[in-house]
Amino acid sequence: MNQQAVAIISGGPIEGFTGGWAKFPFSGQRTHYWVDRDADYRAVMDVRSDMNIYESLCDVAGYTTERAPALHEGNWPRCKHCNKYRRMVNASVVTNIDGMFP
Ligand SMILES: [Zn+2]
């Protein structure tokens, strides 16, 4: 059995990230599919001006900053739950992502 370790490496920062598959700093060991929720959070709480807040399709909140931007997926594994929801969106089972966030 091959026990050789494979380094998991994120890609570089995503310029102008507005949502989609990405590795966020401090977001665990998988990439998630992120949806921009910044305006929604700012409407109800104080958010640092350099932060941008997202929610994943699997309902994890995450944020990026200038110093901790969204990263290309590299070879991180994708979150299974996000992948499932994403496939539903692709198949037009879910046509409105906003409807998934009550
Ligand atoms: Zn996820």
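Begin by selecting Ile 53 together with Tyr 63, which is its bridge partner in strand 4; what you have open is a predicted model. Widen the selection to strand 3 and strand 4, and you will see an antiparallel pairing that runs over four bridges. These two strands make a hairpin with four residues between them, and in the turn Asp 59 has a positive phi of about 80°.

Stay with strand 3, residues 52–56, and add strand 2, with which strand 3 pairs in the antiparallel sense over three bridges. Here Asp 36 can be picked out with Tyr 54, its bridge partner in strand 3. If you then colour strand 3 by burial, four of its five residues come out as buried, so that the strand is mostly covered.

Next, display the whole sheet, which is open and holds four strands in the order 1-2-3-4 with antiparallel pairing. Strand 1 (19–22) and strand 4 (61–64) are the edge strands, and because each has a single partner strand, one side of each is left without a neighbour in the sheet. On average, and with direction ignored, neighbouring strands of this sheet are turned by 35° against each other.

Now turn to the largest nonpolar core, made up of 12 residues, including Tyr 54, Tyr 63, Ala 22, Trp 34 and Leu 71. Strand 2 (32–36) and helix 2 (80–90) each supply at least two residues of this core.

Finish at Leu 71, itself one of the core residues. Leaving aside neighbours within four places in sequence, Leu 71 is in contact with Ser 10, Gly 11, Gly 12, Pro 13 and Ile 14, and also with Ala 22 and Lys 23.

Key: Residues are numbered from 1 along each chain as its sequence is written. This is a predicted model: local features need pLDDT of at least 70, side-chain atom pairs count only at pLDDT 80 or more; totals for chains, interfaces and linings use all residues. A nonpolar core is a set of buried Ala, Val, Leu, Ile, Met, Phe, Trp, Tyr and Cys residues joined through C-beta atoms within 7 Å. A residue is buried if 20 or more other C-beta atoms lie within 10 Å of its own, exposed if 12 or fewer, and partly exposed in between; C-beta atoms are placed from the backbone. Two residues are in contact if their C-beta atoms, placed from the backbone, lie within 7 Å. Two strands pair if DSSP finds at least two bridges between them. Axes are lines fitted to C-alpha atoms, for helices over the stretch in contact, and angles run from 0 to 180 degrees between N-to-C directions.
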